[in-house]
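User: Please pick one part of this model and take me through it closely, residue by residue where that helps. I would like to see how that part connects to what lies around it.

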Amino acid sequence: LAPVLAWLPAAGADAEAKVLPSTKQEDHFLLTGDGVLSPVVLAQTGFPVMGKDGAPGRLPLFYLRSHEAGPESAVADLKPAMTLDLVPEGKNRVRVFFRSLPVPQATLTLMAGGKESELTADSEGRVTLPVCPAGPTLLTANQKEDLPGVHLGKFYSITSHNASLAWV
């Protein structure tokens, strides 16, 4: 897994995002800051190109939005901030964006209370979540695109984007 790039979103139109130092630990990445607390933390990482020898593979990229309040109460005027993003809108609604555009009928996976369920977004990329039990909750979505390239000397023909929204 590549190093994690994590940041706090910009606080206003003219503000810049604040990058958080990230240190790889034995079983996690530790994010640190200078005492600045934020209800939202964004992160991005990836794996090297995956595929079989002799054939172009895929470049897997991962995005995480840690949203302290969860989708029940959204932070005012949240906008997509990553290539694939799950943006809380409040009232247990989340909207899926890819390249800043809504993703109609996106398939999402909800992991809560030790159970996994599949959800489907509407024609505007919105999904209303069921009531989740207390505890860690994770919502994920995936998007593949035929976007070839070269990463660390290896060719790939597909870029796979994997986004998560996490809250307790």
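Analyst: Happy to. A strand here is a DSSP run of E at least two residues long, and strands are numbered from the N terminus. With that in hand, let's begin at the second largest pocket, where β5 gives the most to the lining, with five residues. Please keep in mind that this is a predicted model.

The volume of this pocket comes to about 270 Å³. Its lining is made up of 14 residues, and those nearest the centre are Val4, Leu31, Ala43, Leu64 and Ser66. Besides β5, the elements that contribute two or more residues to the lining are β4 (29-31), β6 and β15.

Let's stay with β5 for a moment and look at Thr45, which is found in this strand. Is Thr45 buried or exposed? Its relative accessible area is 14%, and because the cut-off for buried is under 20%, Thr45 counts as buried. Setting aside residues up to four places away in sequence, Thr45 touches Leu1, Ala2, Pro3 and Val4, along with Leu61 and Phe62. One of these neighbours, Pro3, has its backbone oxygen 3.4 Å from a polar atom of the Thr45 side chain. Leu5 is 40 residues away from Thr45 along the chain, yet their C-alpha atoms are separated by 6.4 Å.

From the pocket we can follow β15 to its pairing partners. β6 and β15 run parallel and are joined by ten bridges; Gly57, for example, stands opposite Tyr156 in β15. With β13, β15 pairs in the antiparallel sense over nine bridges, and Gln143 stands opposite His161 there. Strand β14 (residues 149-151) also runs antiparallel to β15, with three bridges between them. Tyr156 turns up again in this pairing, with Gly149 opposite. β14 and β15 form a hairpin with two residues between them, and Leu152 in that turn has a positive phi of about 50 degrees.

β13 also reaches another strand: it is joined to β10 by five bridges, and the two run antiparallel. Leu139 is a handy residue for seeing how these strands sit together. Leu110 stands opposite Leu139 in β13, while in β15 the bridge partner of Leu139 is Leu165. Another residue of β13 worth a look is Thr137. Why does Thr137 count as buried? Its relative accessible area is 4%, and the limit for buried is under 20%. The Thr137 side chain reaches the backbone oxygen of Gly135 at 3.2 Å. Beyond four places in sequence, Thr137 touches Leu110, Met111, Ala112 and Cys132, as well as Leu165, Ala166 and Trp167.

These strands lead us on to the nonpolar core. In soluble globular proteins, nonpolar side chains tend to be buried together. Here the largest nonpolar core has 27 residues, and those that touch the most other members are Leu86, Val94, Val96, Leu108, Leu119, Leu129 and Leu139. At least two core residues come from each of β5 (40-46), β6 (57-67), β7 (84-90), β8 (93-98), β10 (107-112), β13 (137-145) and β15 (154-167). Of these, β15 gives the most, with four residues. Leu129 is a good place to stop: leaving aside neighbours within four places in sequence, Leu129 is in contact with Pro71, Asn92, Val94, Leu119, Leu139 and Trp167. Apart from this largest core lies another, of six residues, including Val4, Ala6, Leu20 and Val41. Val4 is already familiar, as one of the residues nearest the centre of the second largest pocket.

To finish, here are two loop residues next to strands that supply the largest core. Lys91 lies in the loop between β7 and β8, and its phi is near 55 degrees, a positive value in a residue other than glycine. At 75% relative accessibility, Lys91 counts as exposed. Gln105 lies in the loop between β9 (101-102) and β10 and also has a positive phi, near 55 degrees. With a relative accessible area of 45%, Gln105 is partly exposed.

Technical notes:
Residues are numbered from 1 along each chain as its sequence is written. This is a predicted model: local features need pLDDT of at least 70, side-chain atom pairs count only at pLDDT 80 or more; totals for chains, interfaces and linings use all residues. Side-chain values use heavy atoms; hydrogens and water are left out. A nonpolar core is a set of buried Ala, Val, Leu, Ile, Met, Phe, Trp, Tyr and Cys residues joined through side-chain atoms within 4.5 Å. Buried means under 20% relative accessible area, exposed over 50%, partly exposed in between (1.4 Å probe, protein chains only). Contact means heavy atoms within 4.5 Å. A polar contact is a pair of N or O atoms within 3.5 Å; within protein, one must be able to donate a hydrogen and the other to accept it, and residues adjacent in sequence count only if both atoms are side-chain atoms. Two strands pair if DSSP finds at least two bridges between them. On a 1 Å grid over the protein atoms alone, a cavity is a set of points where a 1.4 Å probe fits but cannot get out, and a pocket is an open set with protein on both sides within 12 Å along at least five of seven lines; lining residues have an atom within 4 Å of a point. Grid points are joined across faces, edges and corners, and a volume is the space filled by probe spheres set on the points.
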